[in-house]
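Colleague: Please take a close look at one part of this model, the buried nonpolar interior, and then relate it to the charged pairs and the open space elsewhere in the chain. I should be grateful for a single connected account, with the cut-off behind each term.

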Amino acid sequence: FLALALLGDVASADVAELPCDLFEKSGTPCVAAHSVTRLLRSNYTGPLYQVQRMERGWFRRYGGERRDIFALQDGIGAADSASQDAFCLDAKKECIISIIYD
């Protein structure tokens, strides 16, 4: 019976609520949270992370062009991986995540 009750609660949850929304709704602050795969708060509109192309130098690597990666407007706020792929893979460049926004 307990499992059915829990499943009923999950099924009735608002799909637009993201992990930190749920914490804050219950009175628990969501601190030091960041993600490179999806949004954690429904009201956050900034970038999730930044990627940087790595250009090859003679003896070392040095930083190249950078691009912020935002979330898609898909209802769950998944990272726009197509934007990252276009920036890194299509340009045949090695990239690193240079900033994770908090």
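Modeller: C88 is found in helix α3, where helices (H or I, at least four residues) and strands (E, at least two) are DSSP runs numbered from the N terminus. The model is a predicted one, in which local features need pLDDT of at least 70 and side-chain atom pairs count only at pLDDT 80 or more, while totals for chains, interfaces and linings use all residues. Residues are numbered from 1 along each chain as its sequence is written, and side-chain values use heavy atoms, with hydrogens and water left out.

With a relative accessibility of 5%, C88 counts as buried; on this scale buried means under 20% relative accessible area, exposed over 50% and partly exposed in between, for a 1.4 Å probe and protein chains only. Leaving aside residues up to four places away in sequence, C88 touches V51, K93 and C95, a contact being heavy atoms within 4.5 Å. C88 and V51 are separated by 37 residues in sequence, yet their C-alpha atoms are 8.4 Å apart in space.

Both residues belong to the largest nonpolar core, whose 10 members are L18, L39, L48, Y49, V51, I69, A71, A79, F87 and C88. Such a core is a set of buried Ala, Val, Leu, Ile, Met, Phe, Trp, Tyr and Cys residues joined through side-chain atoms within 4.5 Å. Two or more residues of this core come from each of β1 and α3 (81–88). In soluble globular proteins, nonpolar side chains tend to be buried together. Another member, A79, touches V36, T37, R38, L48, Y49, F70, A71 and L72, again not counting residues up to four places away in sequence.

This core sits in a protein of 102 residues, of which 25% count as buried. The protein has 3 helices and 3 strands, arranged along the sequence as α-α-β-β-α-β. Of the contacts with a separation of 6 or more, 46% are between residues 24 or more positions apart.

Strand β1 also carries a charged residue, R53, which is buried at a relative accessible area of 15%. R53 forms a salt bridge with E65, the closest N and O atoms being 3.0 Å apart; a salt bridge is a side-chain nitrogen of Lys or Arg within 4 Å of a carboxyl oxygen of Asp or Glu. E65 lies in strand β2 (residues 61–69) and R53 in strand β1, so this pair ties together parts 12 residues apart in sequence. Their C-alpha atoms are 5.5 Å apart. Unlike buried R53, E65 is partly exposed, at 47% relative accessibility.

The structure holds 3 salt bridges. In one of them R41 pairs with E24, with 2.6 Å between the closest N and O atoms. This pair links distant parts of the chain, 17 residues apart: R41 is in the loop between α2 (19–25) and β1 (49–56), and E24 is in helix α2. Both partners are partly exposed, R41 with a relative accessible area of 26% and E24 with 38%. K25 forms a salt bridge with E17, the closest N and O atoms being 3.2 Å apart, and K25 is exposed at 62% relative accessibility.

As for open space, the largest pocket has a volume of about 210 Å³. A pocket here is an open set of points on a 1 Å grid over the protein atoms alone, with protein on both sides within 12 Å along at least five of seven lines, and lining residues have an atom within 4 Å of a point. Grid points are joined across faces, edges and corners, and the volume is the space filled by probe spheres set on the points. Of the 15 lining residues, L39, S42, Y44, L72 and Q73 are the closest to the centre; L39 is also a member of the largest nonpolar core. By class, the lining has 8 nonpolar, 6 polar and 1 charged residues, with Ala, Val, Leu, Ile, Met, Phe, Trp, Tyr, Cys and Pro counted as nonpolar, Asp, Glu, Lys and Arg as charged, and the others, Gly among them, as polar.

Technical notes:
1 Å grid on protein atoms, 1.4 Å probe; cavity = no way out; pocket = protein on both sides within 12 Å on 5 of 7 lines; lining within 4 Å.
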